[in-house]
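Biologist: Please take a close look at the ligand site of this model and its surroundings, and set out what the computed values give for it.

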Amino acid sequence: MLKTFLTHNELDSASSTFQASIVIDVLRATSTIVTALSNGARFVIPVEKVEEAVDIKMVQPDLILSGERNGIKPQGFELGNSPLEYSKQVVNGKGIVLTTSNGTKAIQKAKKIAENVYIAAFLNISYVVEQLSAHENIAIICAGNESEVSYEDTQLAGFIISKLLERKSYSLSDSSLIALRTWEAIKKPDFSGTHSQKLIELGFGRDVEFCQNIDISPIVPICSSEKIVSMLIK
Ligand code: MLT
């Protein structure tokens, strides 16, 4: 079964559990996590609140304190939520504590409903699908924007579903069918949704372009206790 949650708020009332879940926040949290790990960051600790991130940084001063609220880096933070900030020079060999408005909340919620939690972006889609296809019962979690559906997240969910179906058959929830049909109608990223527009207005147009790249990061981030690490791919 492939069950898609179109926003992280839907998880608040979820009663089922899954073998695996895959968290998607294309703009920009999961694209940032994939980029940071692929540029050599040792791990990312995703937390819900700004204060939690600050507390963790106080105890572990070597960590990079990073994230956003309303798209902007909070005061006192070292990095924002732009994947382009997470270059090799900046993150290689480092640990990161990250808090974002929706993406890191979605990751925390995903951990409550599934044993194995993976992180996806367009940047690593094929690599993540390869790992996911070992599972039968999968939750595909789009972060969305609180209770608003995200056009970009829904596209990636549909792309993942189409790739999983190329490998074997799964039954689909109606929300999975919606995501699949959305992807089939466009077949390439269409970043014309409201969050893309907001990011462009904030001056993050290069992020919007970068996050549309497919398979440039050959890694699979997986949650291991409180950290996200890069899985070794055979
Ligand atoms: C989020 O978690 O809501 C996003 O990643 C926001 C952003 O684009 O920075």
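**The ligand site and a loop glycine**

Modeller: Gly80 is placed in the loop that runs between strand 4 (64-67) and helix 3 (88-91). The model is a predicted one. Gly80 has a relative accessibility of 4% and therefore counts as buried, the cut-off for that class being under 20%. From C-alpha to C-alpha, Gly80 lies 18 Å from Arg42, and the two are 38 residues apart in sequence.

Turning to the ligand, the residues around it are Asp25, Leu27, Arg28, Ala29, Glu68, Asn81, Thr100, Ser101, Asn102, Gly103, His195 and Leu199. Sorted by class, this shell holds 3 nonpolar, 6 polar and 3 charged residues. The ligand occupies the space of the largest pocket.

Several of the residues around the ligand have N or O atoms at short listed distances from its oxygen atoms. In Thr100, an N or O atom of the side chain is 2.7 Å from an oxygen atom of the ligand. Asn81 likewise places a polar side-chain atom 2.8 Å from a ligand oxygen atom. For Gly103, the atom concerned belongs to the backbone: an N or O atom there is 2.8 Å from an oxygen atom of the ligand. As for coverage, the ligand taken alone exposes 270 Å², and the protein buries 97% of that area.

Note on methods. Residues are numbered from 1 along each chain as its sequence is written. This is a predicted model: local features need pLDDT of at least 70, side-chain atom pairs count only at pLDDT 80 or more; totals for chains, interfaces and linings use all residues. Side-chain values use heavy atoms; hydrogens and water are left out. A residue is near a molecule or strand if one of its heavy atoms lies within 4 Å of it. A polar contact is a pair of N or O atoms within 3.5 Å; within protein, one must be able to donate a hydrogen and the other to accept it, and residues adjacent in sequence count only if both atoms are side-chain atoms. Accessible areas come from the Shrake-Rupley method with a 1.4 Å probe; for residues, only the protein chains shown count as cover. On a 1 Å grid over the protein atoms alone, a cavity is a set of points where a 1.4 Å probe fits but cannot get out, and a pocket is an open set with protein on both sides within 12 Å along at least five of seven lines; lining residues have an atom within 4 Å of a point. A molecule sits in a cavity or pocket if more than half of its atoms lie within 2 Å of its grid points. Ala, Val, Leu, Ile, Met, Phe, Trp, Tyr, Cys and Pro count as nonpolar, Asp, Glu, Lys and Arg as charged, and the others, Gly among them, as polar. Helices (H or I, at least four residues) and strands (E, at least two) are DSSP runs, numbered from the N terminus. Buried means under 20% relative accessible area, exposed over 50%, partly exposed in between (1.4 Å probe, protein chains only).
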